[in-house]
Amino acid sequence: MKWKNRPHGAETPYIPAGPFKIRLPFIHYRFEWPDYVQGLLMCAVDLGAITLLADHLGMPFEVALAVVVLNGLLYLLHHLLGDPVIPGWVTPAIPLIVLFVKQFPEGEDRIYALIAFQLTLGILSIILGVTGLASKVVRLVPDAIKSGIILGAGIGAVVSIFEAGGKFELFPITITICIGFAFYLIFSKHFEKLKQKNKGWALLGNLGILPAILLAVFVAPLVGEAKWPDIQWGFSKPDFATLWAEYTVFGLGFPALSFFVKAVPAVFATYLVVFGDVLKTKALLSESDVIRTDEKVDYNPNRAHLIFGGRNILMSMIGPDITMCGPMWTAMQVVVIERFKKGKEAMHSFFGGAGSFRWGTNTGLFLLPIVSLVQPILGVALALTLLVQGYVSVRIGVMQSRSQRDLGIAGIVGAILVIKGATMAFAAGILLCILLYGKDFLRGENDRIFTHHSNEEKEREEIQAV
């Protein structure tokens, strides 16, 4: 059955394949050109990963671009296999991953560590997806420790920008101006009112940090912190040969067992962040279900685990990536859902919007004019991404605590995480929970320090449902 023949209230047509539902463009969903064009521009955010790979693995630009391209192609798997999301990085966990790999000397050992980390995260995700144990495992972690991990990740993101040798030293004026602009567009109460009054402002706000990145293209050269872009025509040339020869198991061999053992605590900390994104995906799609009764959008967390777990396993082999393969790009998920809510004429199927957007970002990665436009300010793009994520993670991390004791433990755990890494952070958190809560160390306490915990039972029921 083709996309035009979807009955009211039914799912968009698909080819059943076990836990997956295969959907192909133009056949099973209408290609949405507005989302495709937006994807062409938003590939600038994906390119920000190049800076991380260059800084911490010493990758040349074209080699790092090859990693970004491979990751981009694997983004397509989600909507093609029935997962209704805009996939992205595990952004909140980037500081955790950077802290882990920096424990190893730059060179082969650091690459082995990253391969072991990403492969372990992928295997863990698939196991939890197949068994359906994800929510049970996460509930075994005390709220104080979860709070500390998320809080530490947020602080770590900010520290990574402002520490000695960080991006702020290279682009102090550009980052100051552009992060102010980004925070105003994303978090300002004043701009929120403007968006409600005018569709043009709403469109600008829905682009996330892209307007701030484009502003940096002009600000950085004007203040002498970067060169003007040397716009080139043609197609980009990712260097897959060097990537596979010098940065993967094909050229280096398989990591020793010791790398996997050392990765386990940081991997588990990262998974706590990943599971949070799974819950957010379910919540966001539930909002659109109320409005778009003409299409049933089936979100299956176990299927999502299989897909992003598989992506991480594959990327660990063919292109290890510090950003990891996450279940959702929250900002763009919200943007596409908002357009989806406008009705069938605006977006016939959510899979059409999600798929067209990711086809667009993949096209953009191969277009040299777009790549060369943002190349001089990729460090700024990364800084903006991490600072926005830092703001969000600190807020969410604090709100995860259920009592003043929880918050105190979280502060200690977060600080140790930033300074010493996940292993010592978990150890300190477990010890403090036992000392402060005794036999109730898993349950903790709830003194309703934050008003959102009045809905705690409802939230816990939603987690159990997942």
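**Close-up 1. R6 and D294 meet through their side chains in a salt bridge, 2.7 Å from N to O.** This is a predicted model, so keep that in mind for every view here. The R6–D294 pair ties together distant parts of the chain: R6 sits in the segment before β1 (15-17), D294 in the loop between α15 (257-291) and α16, and 288 residues separate them. Are these two partners buried or exposed? R6 has a relative accessible area of 5%, so it is buried. D294 is buried too, at 9%. D294 also has a second partner to look for: R292, with the closest N and O atoms 2.6 Å apart. R292 has a relative accessible area of 3%, which means it counts as buried. Across the structure there are 22 salt bridges.

**Close-up 2. K21 and E11 form a salt bridge between their side chains, at 2.9 Å from N to O.** Here again distant parts of the chain are linked, with K21 in strand β2 and E11 in the segment before β1, 10 residues apart. K21 comes out at 13% relative accessibility and is therefore called buried. E11 is at 17%, and the cut-off for buried is under 20%, so E11 counts as buried as well. Which residues belong to the network around this pair? Salt bridges with shared partners connect E11, K21, R23, D298 and R303 into one network.

**Close-up 3. A nonpolar patch of about 610 Å² shows on the surface, built from I173, I177, F218, L222, V223 and W228.** Two elements each give two or more residues to this patch: α9 (172-187) and α12 (210-222). On the helix side of things, a bit of general background helps: with 3.6 residues a turn, residues three or four places apart in an α-helix point the same way. V223 is found in the loop between α12 and α13 (240-246). V223 has 33% relative accessibility, so it is classed as partly exposed.

**Close-up 4. F26 has a positive phi of about 70°, even though it isn't a glycine.** Look for F26 in the loop between β2 (20-22) and α1 (33-46). How accessible is F26? Its relative accessible area is 47%, so F26 is partly exposed.

**Close-up 5. M324 is another non-glycine residue with a positive phi, about 60° this time.** M324 belongs to the loop between α16 (301-318) and α17 (330-340). The relative accessible area of M324 is 0%, so this residue is buried.

**Close-up 6. H78 sits in helix α3 and has plenty to show around it.** H78 is buried, because its relative accessible area is 0%. Which residues does H78 touch, once neighbours within four places in sequence are left aside? Its contacts are D83, V85, P87, I307, F308, R311, G326 and P327. The helix that carries H78, α3 (residues 61-80), has the highest mean pLDDT among the elements of the protein chain, at 97.

**Close-up 7. Helix α5 (residues 108-131) has the span its residue count calls for.** What should the 24 residues of α5 span at 1.5 Å a residue? The expected figure is 34 Å; the C-alpha atoms at the two ends are 35 Å apart, so the two agree. Just past the end of α5 comes G132, with a positive phi of about 70°.

**Close-up 8. V141 lies in the loop between α6 (134-139) and α7 (143-162).** V141 is at 8% relative accessibility, so it counts as buried. Setting aside neighbours within four places in sequence, V141 is in contact with K146, F268 and L272. Q375, on the other hand, is 41 Å from V141, C-alpha to C-alpha, with their positions 234 residues apart in sequence.

**Close-up 9. Helix α23 (residues 456-465) has the lowest mean pLDDT among the elements of the protein chain, at 42.** pLDDT stays under 50 over residues 453-466. How many contacts beyond four places in sequence does the model have for that stretch? There are 23. For the protein chain as a whole, the average pLDDT is 89, and 96% of the residues score at least 70.

Notes: Residues numbered from 1 in each chain as written. Predicted model: local features only at pLDDT ≥ 70, side-chain atom pairs only at ≥ 80, totals over all residues. Heavy atoms only, no water. Patch = residues over 30% accessible without salt bridge, like charges linked within 9 Å, V, L, I, M, F, W, Y side chains within 5 Å. Areas by Shrake-Rupley, 256 points an atom, 1.4 Å probe, with all protein chains shown as cover. Salt bridge = Lys/Arg side-chain N within 4 Å of Asp/Glu carboxyl O. Helix = DSSP H or I, 4+ residues; strand = E, 2+ residues; numbered from the N terminus. Buried < 20%, exposed > 50% of the residue type's maximum accessible area, 1.4 Å probe, protein only. pLDDT = per-residue confidence, 0-100. Contact = heavy atoms within 4.5 Å. Expected span 1.5 Å × (residues − 1).
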